[in-house]
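Q: Hi! Could we go through this model together? I'd like to start with how the chains meet.

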Amino acid sequence: MAEALLEVRNLSRRFAAVDALKDVNFSVDAGEVHALIGPNGAGKTTFIHHVSGALKPDSGSVHFAGADVTALSMHRRVAAGMARSYQITNVFLGLTAIDNVALAVQGRQDAGSSFRFWKPVRREVALFDEAREYLVQVGLEQRIDTVAGNLAHGEQRALELAMALATRPKMLLLDEPMAGTGPEESARMVELIEHLARHVTILLVEHDMAAVFRLADRISVLVNGQLICTGEPEAVRANGDVRRAYLGDHL
Amino acid sequence: MAFYRPAPYQKPVAIALLLVLAALPFGLAAVDQAFYIGFATRVLIFALAATSLNLVLGFGGMFSLGHAAFFGVGAYTAAICQQAGINEALIAFPLAMIAAGAFALVVGAISLRTRGVYFIMITLAFTQMAYYLAVSARSWGGDDGLPLVGRMTLAGVSLADDTHLYFAAFFGLTVTMLFFGRLADARFGRVIQAIRENETRMEALGYPVFTYRLVCFALGGALAGLAGALLANLTGLASPNLLLWTQSGTLLVMLIIGGVGYLYGGAVGALILLCLEEVLVGFTPHWHIVLGLILLGVVLFAPKGVAALFGKRHG
Amino acid sequence: MLQLFLEQALNGLQFGLMLFLLAAGLTLVFGIMDCINLAHGSLYMVGAYLVAAAAQAADSFWIGLGVGVAGAAVLGLLLELSLFRQLYKRDHLSQVLATFALILIANEAVRVIWGAQPVMLNPPDALAGPVEIGDFFYPAYRLVIIAFGLLVAGLLYLLVAKSRVGMWVRAGASNREMTEALGINVRALFTAVFVFGTALCALAGGLLGPLLAVQVGMGESVLILAFVVIIIGGIGSIRGALVGSLIVGSVDTLGRALLPTLLRALLPADAASTLGPALASILIYLLMAGILFFKPQGLFPARA
């Protein structure tokens, strides 16, 4: 069995009197695309927040790349190699595509917060060369100097991926990358993720079942804050609990 | 938002301005208006103070109502230095910057845990604390403030001559503006501007947001401290009134009039507000009413400040 | 010692209740309209002047109070319609600038109309003396203020917690869009809240008038205290404003009265006499910083 890159052990979190997450054990192996699915309100977003470090658990732990990162803040987890994209497009709309990505490259380089007060960024050729590479990777080479606010929705999502890539992650945490995209854009996004999956481990949270079953090596199902099943797509598709709890007639 | 970027005409304009400002005291003396050199110095000092607030508020996005505290700490540090026998500005001014910057570091470390309105209020609370401490510290003059027996020397040259002090302030402002302009266009400036727009995103890109904010806040505090030390030399007094929240309000008003987030917003605002004061005082003892009405007019009809009329907003 | 403590506790209660009158309006305007009103203290000052002027003209404190408060409410109405209505949707910077301008105008206008000297406002003759409580004497007028404060606080609580208007107000504080979606006339609600807040301000100014000097600048220091109160209590929460007022009122009053004595017992005399007043005056700010450190949204956050 491959080494687990991300391992979540006995994670629990309560909000008021509600168990948002209950004793969740979950792992992502290096190199795989692992999809997390579940009905609305199952706790997927809460779970993602605990993985990324936006929220801290009541109990349990999160391990990443061999280290316990439970107590680490979001930016330290990013520095450790965990990058995320957002459910809602979250790029700097007033900046050009390349400035957005350059910011991400700089974030990785300055992880130890080296402060540079004097040299104009525009003269840092290497920074922009690298940023351009990521834009090429996600197919935005024609849009390098376009202000992000003027990009189409699907292009903005691709830009966000480029920013995530620029942090040179060991693992990409993709939170509903297909949300709000049309059929054509979705198809492009699936291709893009397939392409990225050759280089990087991916934890994918997604509603689009066609995309999930096409992309995922393994699928985990979260229902009411509990993980009810993990396995290969065919096994999950056949699992009776999953059908009853969630999938219904979709499959 | 787009990142700050120096306009193509910025360099020639800046050089022309520098020449005009360098010639100003001699020009004033030539037409027998040397009296105004003091006033011009005051404008430069407040331009520096308002610019330091611009770094924190306009570029860093931290709405602080406590900036006067750092201004005041700078003034008191200068006066205390003199009391302790240090009369050389080359020592006293850096000390004022360090003291104000260190105080800003402490205030920031606590305040930056909060957001929005709570941040405004907690910075304001710290100003009040500094004010009351100054008022009750009898060895530092209490209510009356701590007077300077005379102006300091700068590299051995006495600042007692108004023109000398003018050039000290001129030099301080020039270096600050140069530093500010470079900083805004460098990596650090981009980061704080981006944090102002979306701090969660920046955190998700791996930036230690809190640290960047804190550094920016402390830098602003240190620059305000320099302005305070200069002002103490100009007026001959470190007054507790410098620490009042209304003083923060005045700096804020200058910056808003000039244009928040424009490189020259603070300087332009200081010039306008102080000139306005100077002119209005000549017309009526109740000039505050007129000033208030003008400010209301700015809010309602020129909400982005005067600098917005000339250039694109970088923030 | 106990007597001093009791007396100061009553003073603290009285001060706290008056702060509540100020903070109630401020926290609602802040919480519902998301508007920073630095001129709230000026409304308090103008209210006190109006009460003093009306009381002098009518030769009666109570008529003066009524007329003054009504006058302030009318002024509040005019201000809301002409200026504040346009500020609600603006950013905090614009609000700060505009209301800072109002402070300048108000202070100077008061100086023009009533002069730079403080104006005297006498308590009603019947209440001028002290009354005996147990084994010590306490000014009758302060007791009346306490009673007044409790009455208004109680009414306000009933109004906000139980009435339909109060429900709208609370809904507005926690979720403005939702309130609008429910079809409530938000404009009228805002106006009403603002005018009401102004009247409470003026009431506090009038009631405190006989205890403090009615003078230019009296609004600025009290404004900061009111802000401290609503930050401690949680912006937009009436309950928070009440609790915060009582905390700030008693901590400030008791701190000033007892802290110097306490320090003298612990420290050398000259250190104590320097540190005592300083510490007493910054006590509430330390308290606020401490509370925000642990509860960055205040004690009773109105927004979840």
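Q: How many residues of chain B are in contact with chain C, and how many of chain C with chain B?
A: Happy to help, and please keep in mind that this is a predicted model. On the chain B side there are 35 residues, in contact with 34 residues of chain C.

Q: Which helices of chain B supply at least two residues each to that side?
A: Those are helix H5 (116–136), helix H10 (245–258) and helix H12 (287–301) of chain B. The largest share comes from H5(B), with 11 residues.

Q: And what's the makeup by class on the side of chain B that touches chain C?
A: That side has 25 nonpolar residues, along with 8 polar and 2 charged ones.

Q: Let's switch to chains A and B. How many residues does each give to the contact?
A: Chain A gives 27 residues and chain B gives 23 residues. On the chain A side, helix H2 (74–80) and helix H3 (97–109) are the elements that give two or more residues. H3(A) provides the largest share there, 6 residues.

Q: How do the residues on that side of chain A divide by class?
A: The side of chain A that touches chain B divides into 14 nonpolar, 7 polar and 6 charged residues.

Q: Staying with chain A, what domains is it divided into?
A: Domain 1 covers 1–81 + 169–251, and domain 2 covers 90–168. Their C-alpha centres lie 26 Å apart.

Q: How many residues of each domain are in contact with the other?
A: It's 11 residues of domain 1 and 11 residues of domain 2 of chain A. On the domain 1 side, H2 and helix H6 (183–197) of chain A are the elements giving two or more residues. H6(A) gives the most, with 4 residues. By class, that side of domain 1 has 7 nonpolar, 2 polar and 2 charged residues.

Q: New topic, backbone angles. What's the phi of B:Ala155?
A: B:Ala155 has a positive phi of about 50°, although it is not a glycine. B:Ala155 sits in the loop between strand S2 (153–154) and strand S3 (157–158) of chain B.

Q: Is B:Ala155 buried or exposed?
A: Exposed, because B:Ala155 has 8 other C-beta atoms within 10 Å, and 12 or fewer counts as exposed.

Q: What about C:Asp34, where is that one?
A: C:Asp34 is in the loop between helix H1 (2–33) and helix H2 (40–58) of chain C. The phi of C:Asp34 is positive, near 55°, in a residue other than glycine. C:Asp34 is partly exposed, with 19 other C-beta atoms within 10 Å.

Note on methods: Residues are numbered from 1 along each chain as its sequence is written. Chains are lettered from A and ligands numbered from 1 in the order in which they are written. This is a predicted model: local features need pLDDT of at least 70, side-chain atom pairs count only at pLDDT 80 or more; totals for chains, interfaces and linings use all residues. Two residues are in contact if their C-beta atoms, placed from the backbone, lie within 7 Å. Ala, Val, Leu, Ile, Met, Phe, Trp, Tyr, Cys and Pro count as nonpolar, Asp, Glu, Lys and Arg as charged, and the others, Gly among them, as polar. Domain bounds come from an automatic or database domain assignment. A residue is buried if 20 or more other C-beta atoms lie within 10 Å of its own, exposed if 12 or fewer, and partly exposed in between; C-beta atoms are placed from the backbone.
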